[in-house]
Amino acid sequence: MKMKSLVMAASVAALAAGGAWAEEGKVKVGMITTLSGGGAGLGIDVRDGFMLATKIAGNENLEVVVEDDQRKPEIAVQLADKMIQSEKVDVMTGIIWSNLAMAVVPAATAQGKFYLSPNAGPSALAGKGCNPLYFNVAWQNDNLHEAAGAYANDTGYENTFMLAPNYPAGKDALTGYKRTYDGAAAGEVYTDLGQTDYAAEIAQIRASGADSVFFFLPGGMGISFLKQYANSGVDLPVVGPAFSFDQGILQAVGEAALGIKNTSQWNKDLDNEANKTFVEAFQEEYDRLPSLYASQGYDTANLLLSAMEKADVSNAEAFGAALKEADFDSVRGKFSFGNNNHPIQDYYVREVVKEGDVYTNKLIGPSLTDHADAYAADCKM
């Protein structure tokens, strides 16, 4: 069964169930993610990775409702209210964007719902705002940028121009990069979220005296910036997190991305059996290479499935403990949760290459190993 029909079947079955599950062992999941408009590719990949894992597992006790937040916080809040109050979901997941996560997650956990984040990891939910019902299965927002800062040091960059969008994840990005980067800032600019014209920022880079550029511009923002940067004549080396060099983006960027180094906790050529199975199954199911976001959706589903084998979701303490164990084979290899329910994992440097007609990433080597986030000490769980 191809995924469009699989998602529809899962949604219809879950909706038909109506209220809370009567049978022990059943788990109803509410997935709110971005499936239309800007950034839709990210949400589609999270959904597809999650649903692929459920298909492979074949666990009939797991049902999924999928809804489109359209990248709008007010829509996400409305959908969350409906899922919690009317559809009686047990677990929520799916949100891509940190501003939407901040609008939904605290309210969901306050109402006793587990939230498993397959992407957004705002700092506010990692430190003092941590919660025993909230698990981030991707990273804390700063982490990939911390890995980029460590790489910049190793490469000898001493005067980086930095830019990111003006929203929670953008602020976390520059905070993370500066946390590990030892050099100076040639410039530090926050762009509009969703911006597509970067002529002014590129002019600032040109005049800044920088020896390198660090940027975090996810989705279509990154595509626009890289194309304009490549055509600008500015030839400073670029480094960034995987979000701007991911599989779904690279085909749109094309040659402008070749050779750029970027940081990630995952790549398709990581050498472990779980990853090999995932990459092969994803290509077979969807006829495309998986992205970082797809890998995170896949791991999120397998984490949930592992907890379902050990505890009933109606027992929040036992189910939370089962999630905390992270007793599943991650596509990343080593994976565990810290005290704040955020990952402890390795981060890598990747290089954009071309394999046949496909632009993709090749693993170069580690940047940070067994790395936890900087906010865990503020979490009192």
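**Entry 1: Lys276 and its partners**

I started with Lys276, which is partly exposed at a relative accessible area of 42%. This is a predicted model, so I kept in mind that side-chain atom pairs count only at pLDDT 80 or more. Which side chains does Lys276 meet in a salt bridge? One is Asp271, at 3.1 Å from N to O. Another is Glu273, at 3.6 Å, N to O. I checked where that second pair sits: Lys276 and Glu273 both belong to helix α10, three residues apart, or about one turn of the helix. Both acids are out in the open, with Asp271 exposed at 66% relative accessible area and Glu273 exposed at 56%. I also noted a network in which salt bridges with shared partners join Asp45, Arg47, Asp48 and Arg288.

**Entry 2: Lys268 and Glu355**

I got 18 salt bridges as the count for the structure. I picked out the one between the side chains of Lys268 and Glu355, at 3.3 Å from N to O. What does the pair tie together? Lys268 is in the loop between β10 and α10 (273–286) while Glu355 is in strand β12, so the contact links parts 87 residues apart in sequence. Is Lys268 buried or exposed? Its relative accessibility is 18%, and the cut-off for buried is under 20%, so Lys268 counts as buried. Glu355 is partly exposed, with a relative accessible area of 41%.

**Entry 3: strands around β12**

Since Glu355 took me to β12, I followed that strand's pairings. Strand β10 (residues 261–264) pairs with β12 (residues 343–355) in the antiparallel sense, over four bridges. In that pairing I found Lys261 opposite Glu351 of β12.

β11 (residues 336–337) also pairs with β12, again antiparallel, over two bridges. Here Phe337 stands opposite Pro343 of β12. The β11 and β12 hairpin has five residues between the strands, and one of them to note is Asn341, with a positive phi near 65°.

Then I looked at β13 (residues 358–371), which pairs with β12 in the antiparallel sense over ten bridges. Which residue of β13 is the bridge partner of Tyr347? I found Leu368. This hairpin has two residues between β12 and β13, and Gly356 in the turn has a positive phi of about 65°.

**Entry 4: cavities**

I looked for enclosed space and found two cavities of 30 Å³ or more. The largest has a volume of about 120 Å³. It is lined by 15 residues, and the closest to its centre are Ile96, Asn119, Trp139, Tyr167 and Phe216. How many charged residues are in that lining? There are none; the split is eleven nonpolar and four polar.

The second largest cavity comes out at about 40 Å³. Lys268 turns up again here, in a lining that also has Asp246, Gln247, Trp266, Asn267, Pro290, Leu292, Arg350 and Asn361. By class I get three nonpolar, three polar and three charged residues for this one.

**Entry 5: helix α2**

Last, I checked the length of helix α2 (residues 40–57). At 1.5 Å a residue its 18 residues should span 26 Å, and the end C-alpha atoms are indeed 26 Å apart, so the two values agree. How many residues of α2 are buried? I noted 13 of the 18, so I have the helix down as mostly covered. Right after α2 comes Gly58, with a positive phi near 65°.

Conventions:
Residues are numbered from 1 along each chain as its sequence is written. This is a predicted model: local features need pLDDT of at least 70, side-chain atom pairs count only at pLDDT 80 or more; totals for chains, interfaces and linings use all residues. Side-chain values use heavy atoms; hydrogens and water are left out. On a 1 Å grid over the protein atoms alone, a cavity is a set of points where a 1.4 Å probe fits but cannot get out, and a pocket is an open set with protein on both sides within 12 Å along at least five of seven lines; lining residues have an atom within 4 Å of a point. Grid points are joined across faces, edges and corners, and a volume is the space filled by probe spheres set on the points. Ala, Val, Leu, Ile, Met, Phe, Trp, Tyr, Cys and Pro count as nonpolar, Asp, Glu, Lys and Arg as charged, and the others, Gly among them, as polar. Two strands pair if DSSP finds at least two bridges between them. The expected span of a helix is 1.5 Å times one less than its number of residues. Buried means under 20% relative accessible area, exposed over 50%, partly exposed in between (1.4 Å probe, protein chains only). A salt bridge is a side-chain nitrogen of Lys or Arg within 4 Å of a carboxyl oxygen of Asp or Glu.
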